[in-house]
Amino acid sequence: MNENLNDIQSQCECVSRRQFLGSLSLGIGAAALSQWWPPSAGASTSLLLPPNLVPRAKRVIFLCMAGGPSHLETFDEKPQLAALDGEPMPESFTRGMPIAQLQGKELRCMGPRATFSRHGKSGQVISSYLPHIATVADDIAIIRSMVTEQINHDPAHTFMNSGSIIPHRPSMGSWVNYGLGSLSENLPGFVVLSSVGGRNPQPIASRQWSSGFLPSELGGVQFHSAGDPVHYVTNPPGISRDRQEHLIAAVRDLNRLRARTTHDPEIDSRIAQYELAFGMQASIPELIDISDESPETLAMYGATPGDGTFASNCLLARRLAERGVRFIHLYHRGWDHHGELKKFMTTCCGYCDQPTAALIKDLKQRKMLDDTLVIWGGEFGRTPMSQGGGDDPGRDHHIKGFSMFLAGGGIQGGVTHGATDDLGYNAVEDVVHVRDLHATMLHLLGIDHERLSVQYQGLDVRLTGVEKARVVKEIIA
Amino acid sequence: MKIPPACLALLLTSAAIPVLFAVSSPITISTGTADTPVDFARVVRPILSEHCFPCHGPNEESRKAGLSLVDFESATSELEDGATAIVPGSRKRSAMWLMITDPEDPMPPPEENNELNLEQIEILGRWIDEGADYTGHWAYLPGARTPVPAIGDSDWAATDIDHFILERLLAEGLRPVPDTDAVTLLRRLSYDLTGLPPATEDVDRFLSDSGDSAYSDAVDRLLASRHFGERLTSSWLDLVRYADTVGYHGDQEHRVWPYRDWVIAAFNANMPFDRFTIEQIAGDLLENPNQEQLIASCYNRLLQTTHEGGLQLGEYRAIYMADRVRNLAEVWMGATLGCAQCHDHKYDPFTMRDFYSFGAFFADVDDEDHIRNPYGGLNTTPTRRAPELRVVTDEARESTKKLSHRIDEAEDQIEAAIADLEPLQERWEADLRALIASGEAHQSTWVDDRLDTGGESSGRWNFVREESIPPHSGELYRKQMSDGLVQHYTHETTEKRITVEEGDLLFAWVYLLGESSSKALMLQCNTSGNWEHRAVWGGDEIGYGRKDKSWAGYRRLGALPPSGQWTRLEVPFAEIGISPGTIVNGVAFTQFGGTTYWDRCGVENVQAAPAAVIETLSIPVRHRNPDQRAQLRDYQANQSEDVIALRATKASLETEISAIEKSLPLTLYTRSLDSPRQVRILPRGNWLDSSGAIVEPAIPAFLGKLAGEGRASRLDLARWLVTDESAGGVGSLTARVFVNRVWSLLFGTGLCPSVEDFGGQGRPPTHPELLDHLALEFIDSGWDIKALFRRLVHSRTYRQSSIPDERSTELDPENLLYSHQARFRLPAEMVRDTLLAVSGLLVDQPGGPSVKPPQPEHYYRHLNFPPRKYHPDMNAQQWRRGVYVHWQRQYLHPMFLAFDAPTREDCAAQRTTSNTPLAALVLLNDPTFVEAARGFAQHILARVPKSDQESIAFAMKKATCRQPTAEEIAVLAELLAESREHFKENPIEAKALLAVGRTPVPKSIEPVELAAWTEVTRAILNLHETITRE
C-alpha cells in the first residue's frame, strides 16, 4: 500500500468531521459540495476495487416494471408449457413452494400467450409483445434465471431495492451514491420517477428509495409529473426569482453575522444549502421541461411534454443521466396481471416497450450507453399456472424463476444467460439471485460488493447481505 | 494497512456524516495507566468483539479452530491442537499473542480486512499479563454505586453530575466552558422540556428575576406544563414506531391515536417509568385492567402490518414476532436481540433460542384476523385490525346509562300493553278469522317512516320529505344518494323478523330522480348471517355477488322503473333462494349512483296470517296448549298498534345507544389468546422450515431464568425489565437505557453514545460511573421521570455555553466529555411548532385524532387499496403541534421528511440531522410557512410601532429570544425597504403573496406594507438560529 494512503489514514484518525468541514468552510463552495450530493471522489474509487478492475459504468438507470411482468410472455419461451395448456400443473413443481393468491386453488398450466422469434445478429429470443426492445436485442443481456425471496409486492420491492426486508435498510440508489458520490453539483444523486398504466396498479412506498440508516441526503428524490416537479421547488405566488434571491441574500447575511458570534460551522453549510436550493429552483424546471427536445427525439420515445408517461420519464432519465445523476429509478405501475393477461400485456408493453428501446438507442447515439447501466425488470415474475377463468386469464406472483435484462455500462449485448425448467417454474441453470444482480451492478460501477459495508446496530450491513453473492461475469463484456 | 470503514466513507463521499459514522474521536476511552488494570468491559471486549468474535465469538456456526474467546473458561482451556489461546499472566505463553503478533501470518487474517492496530495489540497483551480478567459486559452487570468524585474546583460543580464530568475533563486536560447567557439558557430549557420556544414575556420575566430561585422556578414551571408530555412523547413515539397507518402494502390508516394521548398523559402525570413499562407491554394482563391500561397495551399492536392479497400466514407470523422482539429489546434493553433471528448473535451472548423464546412472550397477542383473512373487506381506510376497543368517554358513559334506564321503562310499558290486550282477544280472533276467510293478501311493514327494526344498522338513514314529492306511504321516505355504490342495511334485528311463507314476496317502493338517475338498485335479505339473496334492477354496476349468470345471490329482474313516479319493486322470496320457514332478519338497500327515494318496504303474504297461526285459530280455546296460546298472544301483540308504537320507542332508544357507541373512537389494544401460538425455532430464520424445536417464553439464558411456575407471560417479562438485579431482574439495565436516552435529549449525545445499542458492538459509556449513578438514583426515586429531568437540567454541565473552546475542538471534537453544551438543529416537529408559535398561528389544543396539515397534491398517488386522496384540515386544526400530525408511514409529510423525522417503520433511537436544499425549500416555499410568515407580519403590524427598526427588533426577538444587533437590524431594514419599493410597483404580486393560505387578510392593513413585512418575517423564519437549539 502506498504512502499516500497511509497519509490519508492518519488524517482520518486525527481529523474530526467538524474540523474537516470547518477547514473547508472558509470557502462556501467547497463546504457545499461536501455536505450535499457529494461529488465523485475519483481517486478513492480505486480503494474499492481489486487493482485489475476499472469501473465500467458511471451511472444506473433502473426501469422497474412494478407488479411483476410475466417472463413467459416476454423473454422465456416455453413450448412444453404450451403443450400442457389447461392441464393440471405437475405437483412435483409446486409441492412445498410458497404460493400467493393461488393458495388452496386448483393449479393448471397456462401456455404462453405470446409468440416468440429470434432477433438481431445474436438471434435473441424475444416475444411479439416487445417489438421495439427486439430491435436492440444485440445490446441487451437477458437473464432468464432470476430468483427472489419475496412473493408479495411490497416486500418483494423492498428486497429488490435493499436486499433485505428488515426496515430501515438503504436502497440500492442510496448505496451507490454512498459508495461513489454524485457527479452533479446541483441535482440529487438519486432520482425517482414513476408512471402508471395497466392492471390495478400496486402501491409503491417511498421506503423503496429510502436511504435507510445512511445519511438522508442519500435518499432518492422523487420528481413529479404534476404540481411542483420537486416538492416546494416553486416560489410562493407573488415571489419572483429576483425577490427570492434578495430574501436568500438577507438570510445569508444574517446567518454570517451569527456565525461570527457562535463559530458554528453548520451555519456555513446552511448558507450553502440555501444557495443550492436557489440553484435547483432554476435547474429543475429546466431539466423537467422536455419541450426543447427535437421532434425526432420526442417521436422516438413516443413522449409528449408534460404527460407523465413512462415515455416522458425515459427521456427525463436520459436528461438526468446527462446532468450527472448517479442512480435514476423509474417505476411503471401496472404489471400485476392476475387476470386479463393478454389485454394488460398489450397495455403495459404499449406504454413501456418503445420508450425502453428508445432510451437504449438514444444513450447509444450520444455515446453514453458505454458508461450507463440500464436494468429492466420487475420485483418478480409470474406463474406458469393460470389464475382466474374467462377468455383471458392471468398469472399469479412467481419468485422461483423470472427474467430481467441489462444493457450498457460494461454489459455484453446479445447474450442470454441462465434458464428455467421446461415449464418456466424453477430457475435451473446459472441461477441469478437478487443479490447476484446487486453484486454485478456494483461490480460494473467499480465497487466490490463485499467491501461496501456500513456498521449498523452491531452488524456489517451490505446491499448484498450475508449470503455469498456472485458477480455474473458471463454477461459482462 | 487497513482503512477503517468510517474513513473509507469519509474519503469516498465527503458527505455529511452523522454521529453514526463519525470518525473516532482523538480522545480514546482511557485504557488505564500503569497502575490501573486495563478495563475488560470498556476496552478489551470491544476489541475482541470487533476483531476476534467473527470467528471466535458466541456464534457456534462460524467458530473457527474450535476456539471461543467469549469467556475466561473457554479462552483459557487447551485446544485440540494442544495450544492454549490465553495463559493468564503471560502473553508470551499465550497462543493468541503469538498469532496476533505473527508478522508473516497475523490474526485476524489480512483477507478479513479486520486487522488489529498496534495499540489494540498492546492492550490485549497487557490484559493477558494482568490475568485476562473477564468481567461480564458492562451493560449486563448490576449497577454499581461509586462515590461522587471529590474535585478541587468545587466552585464550578453545582451537582453530583458536575463532579463526575469535571473529574474526567480535568483528567484529559480540558475545562468546562463558561455558563451560557440567560436568554440562551431559557430558550434551551424551553425546547428541551416543552419543545417550544419561550414567549417573549417569559424571557423578559426570567431576565428581570434576579432571585436565587429564578432558574428552578422556570424548570418547575416548564416541567408542570402539559407541553412537557407532548415534547417527550414525540421521542417516545419514535422508539415504539408509532404511526397512523399500517405501513406495508396499502398503508391504510389504523386506529391508534388514543395510545399517543395515553403516552402524553402518562408523562404529564409523571407516571413512574416502571408502571409506564408494565402497562404498555402487559396492561391487558393486569388484574381487572381499566380502560387506560388496555389503551396502553396498544404498544404490542403498533408494528407494521399487512393484508396484501396472497400473503403467507407463516411468513407474517414470523415477521411480526421478529418485529416485536427487535422493538422491545431495543427500546427497553438497548439490545440488538433481533440479530439472532437467523443465527446466534455474532457479538453479544444472545442465541437463536433466546430470540425465539423471547418472541414466545408475544405468542398470546391476538392479532391474526387480518392476515388470516386478507380479503375480508380490509381495503378501506381506516382499515380494521381486530381486536379493537371502543374508548368510552365519561360523557358517553353517562348518556348510555340514562338511555338504558329509559329502555327498561319501555319494556315495562310493553309488558303492560300486552297484558291489556287479553280482554280484547276474543274480538281480535273473530276479526282475523273474517279476514282470512275473505282471502285478501296481507302486507306487513319492515321499514316505513323510521328505522325501528332494532339490531344493527349501517349507513345514514336519511328520512326526509321533499316538497315536490309526496310520500307514497306514511309521512316520510328515505333519500339515498351517491356518486357510486351506496348501501344501507339493517340486520340481526331484534324488533322485526320475517318468517317466510309459501308464495310471500318482498317489496319496496322507490322513486328515481330523472336528472341524476341511479344505474342499478338492489334489494337483499339476510338469513342467519347469510346475505346471498339479492334482487337487482337496472345494470350490472353493483358488484356484490355478481356472476355472469343470474343466481339466487344476484337475480337480475330487468330494467329500472321509470323515474319521476313511485313504483313498487318486488321479488318473491323463492327467487332469491329463501324457502318457506326461513327467518329473514336483515334487509339491505343498495344503489349505484344517483338519487333514489325509498319508501315503505315490507312483505306481502299470500295469506292474511302465517299458516301456523291459522291452524291454531281453528283449535277451540280450551284445547290449545300453552305454546299455542302464547303463539296467538304474540301474534296479537305484533298486530297491536299500541305495542308496535312502544316497541318502536324502545328500538329507537337502542339505536341511540348504538349510535353513541359507534361515535366512540376505536383503538387497537392487546387481547390475550387462551391458547398462545406455538413458537418454533426457525432454522436460519426460514419460516417454511418447521423442523426447529418448540420453545416456551423465556428471557435470554445468560441473564438467568424467570422465577415462577408455568408459562411465563408478557407481564412477567415487563416486571423483569423493571425489577432489581438483586431480585432477578434487569432493572439497572433498563434504567441505564432510559436515563441515557434522556441524557442524550438534553446533551446531544448519550453517556453511552450508541443509545440504540448497549451491546458489544455499541460504544462503551464515556462516564460509566455517572451512568450507573444516575440509573440507580432513578430507580431509588421510584422511576421518577420528571425528577430525572430536573436533576439533569440543574447541573452546571447542562448550563454551559454551547460554543466550544479551541482545546476541546481539537481534543474532543465529538464533545464526549461535555466540556460544553450541544447545539443542533431542532427536530422536525419543533421546527414546525416554532414557526407556528412565533407567527402566532399555533393552535395549542391537546389530544384527539391526528391532524392533516396541507401537503403537495397528488403526494399519495402511489397508494392504492383503496386509492388515496389526502383531505387536509383546512380549519385551525392544521396548526396543531407536530406530535398530533398524521403519520403516514409510506408517505410521511414532506416537511417532516425533509427535517429527518423517521417513517417509524421500526425503532428510531436517534434521528439524523441533515442539512439539505430540500429542507431549505420547505422553509422558503411551503405554503404553511408562507402563511405563517404572513401571520407573523400581521402580528407585527397590529402593534403600535415606534419605527421599522423597533419592529424588526421585536420580530427578531420573538424568533430568537434575543435582542438583535444593529447590523442585523440593518440587513432586515434594507430587505424591508427593497420589498416595499418592489411591491409598490407590483401590487399584484403583493396580493398574490398575501393570498397564500386560509387565514383572512385584515382589511385594515395595507397590502404592500403587509407583503413587504412578510418578506422580513420569511427571512427571520429561515434563519439558522431560529431552528437551532443552542
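Select A:Ala141 in this predicted model, and look across to strand E11 of chain A, where A:Leu406 stands opposite A:Ala141. The strand that pairs with E11(A) here is E4(A), residues 140–147, and the two run antiparallel over five bridges, with E11(A) covering residues 402–407. Keep A:Ala141 selected and turn to strand E12(A), because a residue can have a bridge partner in each of two strands, as the definition of pairing by bridges allows: in E12(A), the residue opposite A:Ala141 is A:Val415. E12(A), residues 415–417, is joined to E4(A) by three bridges, and these two strands run parallel.

Now move along E4(A) to A:Val147, whose bridge partner in E15(A) is A:His433. Two bridges join E4(A) to E15(A), residues 432–433, in the parallel sense. Is strand E4(A) mostly covered or mostly open? Colouring by burial shows E4(A) to be mostly covered, since eight of its eight residues are buried.

**Beside the strand: A:Val431**

Select A:Val431 next, in the loop between strand E14 (427–429) and E15 of chain A. Leaving aside residues up to four places away in sequence, A:Val431 touches A:Ser145, A:Val147 and A:Gly418. With 18 other C-beta atoms within 10 Å, A:Val431 is partly exposed. If you draw a distance from the C-alpha of A:Val431 to that of A:Val472, it comes to 9.7 Å, for two residues that are 41 apart in sequence.

**Chain B as a whole**

Hide chain A and show chain B, whose C-alpha atoms fill a box of roughly 120 × 85 × 55 Å along the principal axes. Chain B contains 34 helices and 18 strands, and 49% of its 1030 residues count as buried. Among the contacts in chain B with a separation of 6 or more, 70% are between residues 24 or more positions apart.

Colour chain B by domain: domain 1 takes in 37–136, domain 2 takes in 441–607, and domain 3 takes in 926–1029. Between the C-alpha centres of domain 2 and domain 3 of chain B there are 61 Å.

**A buried strand in chain B**

Go to strand E9 of chain B, residues 534–538. Five of the five residues of E9(B) are buried, so the rest of the structure largely encloses this strand. On one pairing, E9(B) meets E8(B), residues 520–525, in the antiparallel sense over five bridges; select B:Gln524 and you will find its bridge partner, B:Arg534, in E9(B). E9(B) also pairs with E10(B), residues 555–556, this time in the parallel sense and over two bridges. For that pairing, select B:Val536 and then its bridge partner in E10(B), B:Arg556.

**Backbone details worth a stop**

Which residue is joined to B:Met107 by a cis peptide bond? It is B:Pro108, and omega for this bond is about -10°; B:Pro108 sits in the loop between helix H4 (95–100) and helix H5 (118–129) of chain B. Another cis peptide bond runs from B:Ala386 to B:Pro387, with omega near -5°, and B:Pro387 is placed in the loop between helix H16 (369–372) and strand E1 (388–390) of chain B.

Next select B:Glu492, a residue other than glycine with a positive phi near 45°. B:Glu492 lies in the loop between strand E5 (477–491) and strand E6 (498–499) of chain B, and is partly exposed, with 14 other C-beta atoms within 10 Å. B:Arg904, which is not a glycine either, has a positive phi of about 65°. Is B:Arg904 buried or exposed? B:Arg904 counts as buried, because 24 C-beta neighbours lie inside 10 Å, and its place is the loop between helix H28 (894–898) and helix H29 (917–925) of chain B.

**Last stop: two packed helices**

Finish by selecting helix H33 (residues 987–994) and helix H34 (residues 1007–1021) of chain B, which pack at an angle of about 65° with their axes 9 Å apart. The crossing in which H33(B) passes H34(B) is left-handed. To see the contact itself, show the side chains of B:Pro987, B:Ala990, B:Lys991, B:Leu993 and B:Leu994 in H33(B), which meet B:Pro1007, B:Val1008, B:Leu1010, B:Ala1011 and B:Thr1014 in H34(B). Coloured by type, the residues of this contact divide into eight nonpolar, one polar and one charged.

Methods
Residues numbered from 1 in each chain as written. Chains lettered and ligands numbered in written order. Predicted model: local features only at pLDDT ≥ 70, side-chain atom pairs only at ≥ 80, totals over all residues. Axes fitted to C-alpha atoms, helices over the stretch in contact; angles between N-to-C directions. Helix = DSSP H or I, 4+ residues; strand = E, 2+ residues; numbered from the N terminus. Left-handed = near helix turned anticlockwise from the far one by under 90°. Contact = placed C-beta atoms within 7 Å. Nonpolar A, V, L, I, M, F, W, Y, C, P; charged D, E, K, R; others polar. Domains from an automatic or database assignment. Buried ≥ 20, exposed ≤ 12 C-beta atoms within 10 Å, placed from the backbone.
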